[in-house]
Structure formats: structure tokens, C-alpha cells
Amino acid sequence: MSDALSFRFNVDGDDFTSAGQASVQVKKDLRRLGIPAEIIRRVSIAMYEGEINMVIHAGGGEAEVRVTEEAIEIILSDTGPGIADIDRAMQAGYSTAPDTIRSLGFGAGMGLPNMKRYTDYMDIQSTVGVGTTITMRVNLA
């Protein structure tokens, strides 16, 4: 793979049933590229958690996945309310999801911690009232 491959997806913020479609498609695309199963699993988990967070908190957003010989990079961006306290949001179990979302089985406060756990690198850039961009990377070597 001499050049980076890039996949882009819109994450619909109005429909929980469509949340996760981008991560499912990326999983299929990575399989076709011959990426090892363990790498695909890590990418899929991190991306799914990010998609769900965009649906719950930001009304959707965009996901881009770049595949190079060295790594798979996931960039999730939204124009939601932003994250006021990133350090607190990174604590397992901390959640700002409303009870209506929790009653659906989402919003347990594990999204961001799981995203970090399954990637080799994660950076969160967020401005309250503007939105959030999360960049994650899973190394291939």
C-alpha cells in the first residue's frame, strides 16, 4: 500500500439504529485489505464507541478512516456542545448521557475510556459550544 486509503462516513445523530454502520463498513473494508483480525477488532471497537458518543452527545458528525502501511487513523469530528472537562470525561463510569439514553442501554461512561484502551494513540480537541475532534491511531507494526 504505497498511498493512504481514506474512507469517509456521515454519522446520523437522529437514529440509534444506524449508529455503528460506519464501524461495520470499515471492518469489512479492512478485511478486504487483509488487515489482521486483532487490529480490525481494536479499530471497530474504538470507532463504534466514537459513533455512539456522536449520536448521544453531538447530534451526529463525521468519521474518516485513513489506512497507511504504518497505521490506521480514525478522525471523528462533530459540531456538538463540546466536552467541558476532558479529564473527567476520560474517567470510567463518568457520563453526561440523559436517563432516556441510559434506559436504552447506552451512556455508561465507558466510551472515551474504551476508545483510549483499544488504540495506540488518542487526542481529543474540544471547544464548548463549537464541537469536538478525536484523533485515534492503531499501529500496524
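**Helix H1 and its packing against H2**

Good morning. I begin with a contact: Gln21, Ala22, Ser23, Val26, Lys27, Leu30 and Arg31 in H1 meet Ile40, Val43, Ser44, Met47, Tyr48 and Glu51 in H2, where contact means heavy atoms within 4.5 Å. Helices here are DSSP runs (H or I, at least four residues), strands are runs of E of at least two, and both are numbered from the N terminus.

This is a predicted model, in which local features need pLDDT of at least 70 and side-chain atom pairs count only at pLDDT 80 or more, while totals for chains, interfaces and linings use all residues. Residues are numbered from 1 along each chain as its sequence is written, and side-chain values use heavy atoms, leaving out hydrogens and water.

How do the two helices lie? H1 and H2 pack at an angle of about 160°, their axes 8 Å apart; axes are lines fitted to C-alpha atoms over the stretch in contact, and angles run from 0 to 180 degrees between N-to-C directions. That makes H1 roughly antiparallel to H2, the term for angles over 145 degrees.

Which residues of H1 are buried, that is, under 20% relative accessible area with a 1.4 Å probe, protein chains only? They are Ala22, Ser23, Val26, Asp29 and Leu30. Seen down the axis of H1, these fall within an arc of 120°, so they line one face of the helix; the arc is that of the directions from the axis to the C-beta atoms. Their cover includes strands E1 (5–12), E2 (60–67) and E3 (71–78), as well as helix H2 (37–58). The face turned away from the buried side carries Gln21, Arg31 and Arg32, which are exposed (over 50%).

Finally, Gly34 follows H1 and has a positive phi, near 80°.

Definitions and conventions. Parallel < 35°, antiparallel > 145°, perpendicular 65-115°, else oblique.
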